[in-house]
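Please work through the exercises below with the sequence and the model open beside you, and try each task before reading its solution.

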Amino acid sequence: MLVRPRKVLPTVLTICAVLYALKDPEGAATAVKAAAHLVMSASESLARFVHTINS
């Protein structure tokens, strides 16, 4: 199989995100902020989880 889903999906998502950002810059900025917040929350939770396991 020539197409690899793991490589295609992020590319498609990136293209969609760029098109959305061009159409609605304010909405895209909000989405980016929300995504960043989610990533921060997830990393904090993971750090807490690892700390709990190690102690």
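Three exercises with worked solutions follow, after a short note on conventions.

The model is predicted, and local features need pLDDT of at least 70, side-chain atom pairs count only at pLDDT 80 or more, while totals for chains, interfaces and linings use all residues. Residues are numbered from 1 along each chain as its sequence is written, and side-chain values use heavy atoms, with hydrogens and water left out.

**Exercise 1. Describe the overall form of the chain.**

Step 1: Begin with secondary structure, where the chain has two helices and zero strands (helices are DSSP runs of H or I with at least four residues, strands runs of E with at least two, numbered from the N terminus).

Step 2: Turn to the dimensions, where the C-alpha trace spans about 45 × 40 × 5 Å along its principal axes. The radius of gyration is 17 Å, whereas a compact globule of 55 residues would have a value near 10 Å (taken over C-alpha atoms, with the globule rule being 2.2 Å times the number of residues to the power 0.38).

Step 3: Consider burial, which applies to 4% of the 55 residues (buried means under 20% relative accessible area, exposed over 50%, partly exposed in between, with a 1.4 Å probe and protein chains only). The chain exposes about 5,200 Å², of which carbon and sulfur atoms supply 72% (areas come from the Shrake-Rupley method with a 1.4 Å probe, and for residues only the protein chains shown count as cover).

**Exercise 2. Characterise helix 2 and two of its residues.**

Step 1: Helix 2 covers residues 25-54, and its 30 residues reach 43 Å from first C-alpha to last, close to the 44 Å expected at 1.5 Å a residue (the expected span is 1.5 Å times one less than the number of residues).

Step 2: Helix 2 lies largely in the open, because two of its 30 residues are buried.

Step 3: Ser43, in helix 2, is partly exposed at a relative accessible area of 38%. Thr52, also placed in helix 2, is exposed at 54%, and its side chain reaches the backbone oxygen of Arg48 at 2.7 Å.

**Exercise 3. Locate Leu19 and Arg6, and relate them to other parts of the chain.**

Step 1: Leu19 lies in helix 1, residues 5-23, and is exposed with a relative accessible area of 53%.

Step 2: The C-alpha atoms of Leu19 and Ser43 are separated by 28 Å, the two residues being 24 residues apart along the chain.

Step 3: Arg6 is likewise in helix 1 and counts as exposed at 79% relative accessibility. Its C-alpha atom is separated by 36 Å from that of Ser55, 49 residues apart along the chain.

Note on methods: A polar contact is a pair of N or O atoms within 3.5 Å; within protein, one must be able to donate a hydrogen and the other to accept it, and residues adjacent in sequence count only if both atoms are side-chain atoms.
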